[in-house]
Amino acid sequence: MTPYKHISVQPVSGCVGAEIGDVDIADDLDDAVVAEIRRALLDHLVIFFRDQDLRNIERHKAFTRRFGPLFVHPNFNQGQSNPEIVYLTREPGDTAVAGEKWHADTTMMEAPPMGAILHALEVPDHGGDTLFSNQYRAYDTLSDGMKRMLQGLRAVHNDSRVAGPKAGLNSRRSTKVREDPDWRMTENEHPVVRVHPETGRKCLFVNSVYVHRLAGMTAEESAPLLNYLYAHAARPEFTCRFRWRAGSVAFWDNRCLMHLAINDNHMAARRMQRTQIAGTPVLHSGAAPA
């Protein structure tokens, strides 16, 4: 692997994740530094920065734009002045938090976001960690028979569990989504196995938050295979766990990674500031293995 010249990169697990040092991402970074940060993201799928200050949302947005156009999340867009910024907040007494099940972000879109950049404003002194799981590894460790079976399968993704009048999330948590009567469900199909547009590698692309069934099947028919894939995709050896501190930043590749917010400290506040990067339509994985 070519050494990094402008940043330091320290892996945090044997499978996924690295901590990046020797850079202030609130600065106006030159192209060579940005290129190395992108390479570290592609190499490690999620990268972490410590002791950063992106509280100025224009700096947060400026750093995000170095990697692609900003994405506006339709279910968090409630007319605020900066719809590109989402505040993920947990207050004492909340009985639910955003992201507490394994998922990739916003996969009901025709072109799901390429990635997300999450900045910790306030975190508890213990708990509130985030888990990340490598979906290249999840695909690679499937049997050849399973890989052949998955080729050509598509999954139906929609956002009816996480927004809309029937979701009932706003009564349980401080992070609010659209639950108004004018909300309309977004639904799209994506391949169960996708090809990453930059690395060309295959990865699993299903998650229990947005996927409702396999295309052409009922939910009941789909459940045994999907439930197996959900459990397989989150095997501990595919994961890393990130302990937040105020000023920490996580930048993850939404195309080949799932994540989960651990809801284990119910009496402390946790306040995070997030941007997302626009993506492209999901590429099908092509031919099955020989």
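A pocket here is an open set of grid points where a 1.4 Å probe fits, with protein on both sides within 12 Å along at least five of seven lines. With that in hand, welcome to a short tour of this predicted model.

**View 1. The largest pocket and its lining.** The largest pocket holds about 670 Å³ of space. Its lining is made up of 33 residues, and those nearest the centre are Val97, Ala98, Gly99, Glu100 and Arg173. Strand E5 (86-90), strand E15 (257-261) and strand E16 (270-277) are the elements that each give two or more residues to this lining. If you are thinking about the chemical character of the site, the lining divides into 13 nonpolar, eleven polar and nine charged residues.

**View 2. The second largest pocket.** This pocket has a volume of about 200 Å³. Around it you will find Ile57, Phe76, Gln78, Gln80, Asn82, Ile85, Val86, Tyr87, Thr89, Ser174, Thr175 and Lys176. Strand E5 supplies the largest share of the lining, with three residues. Sorted by class, the lining has five nonpolar residues, six polar and one charged.

**View 3. The largest cavity.** Now for the enclosed spaces: the model has two cavities of 30 Å³ or more. The largest cavity contains about 70 Å³ of space. Its lining consists of Arg90, Val97, Pro124, Gly128, Ala261, Ile262, Asn263, Asp264, Asn265, Ala268 and Arg270. Five of these residues are nonpolar, three are polar and three are charged. Look out for Val97, which lines this cavity and is also among the residues nearest the centre of the largest pocket.

**View 4. The second largest cavity.** Here the volume is about 50 Å³. The residues lining this cavity are Ala104, Thr107, Gln135, Leu204, Phe205, Val206, Asn207, Asn254, Arg255, Cys256, Leu257 and Met258. By class, seven are nonpolar, four are polar and one is charged.

**View 5. Helix H5 and what covers it.** Helix H5 spans residues 219-233, 15 residues in total, and reaches 19 Å from its first C-alpha to its last, close to the expected 21 Å. Follow the helix along and you will meet a bend of about 35° at Leu225. Leu225 is also one of the buried residues of H5, together with Ser222, Leu226, Leu229, Tyr230, His232 and Ala233. An α-helix has 3.6 residues a turn, so residues three or four places apart point the same way. The cover over the buried residues of H5 includes strand E7 (130-134), helix H3 (135-140), helix H4 (144-150), strand E11 (202-204), strand E12 (211-214) and strand E15.

**View 6. Two aspartates in different settings.** Is Asp253, in strand E14 (residues 249-253), buried or exposed? Asp253 is buried, because its relative accessible area is 0%, under the 20% cut-off. Leaving aside residues up to four places away in sequence, Asp253 touches Leu41, Leu42, Leu45, Met114 and His196. Asp43 sits in helix H1 (residues 31-44). With a relative accessible area of 32%, Asp43 counts as partly exposed, because that value lies between the 20% and 50% cut-offs. Asp43 and Ala18 are 25 residues apart along the chain, and their C-alpha atoms are separated by 9.0 Å.

Technical notes
Residues numbered from 1 in each chain as written. Predicted model: local features only at pLDDT ≥ 70, side-chain atom pairs only at ≥ 80, totals over all residues. Heavy atoms only, no water. Helix = DSSP H or I, 4+ residues; strand = E, 2+ residues; numbered from the N terminus. Expected span 1.5 Å × (residues − 1). Bend = angle between axes of the 7 residues up to and from the residue. Buried < 20%, exposed > 50% of the residue type's maximum accessible area, 1.4 Å probe, protein only. Contact = heavy atoms within 4.5 Å. 1 Å grid on protein atoms, 1.4 Å probe; cavity = no way out; pocket = protein on both sides within 12 Å on 5 of 7 lines; lining within 4 Å. Points joined across faces, edges and corners; volume = space filled by probe spheres on them. Nonpolar A, V, L, I, M, F, W, Y, C, P; charged D, E, K, R; others polar.
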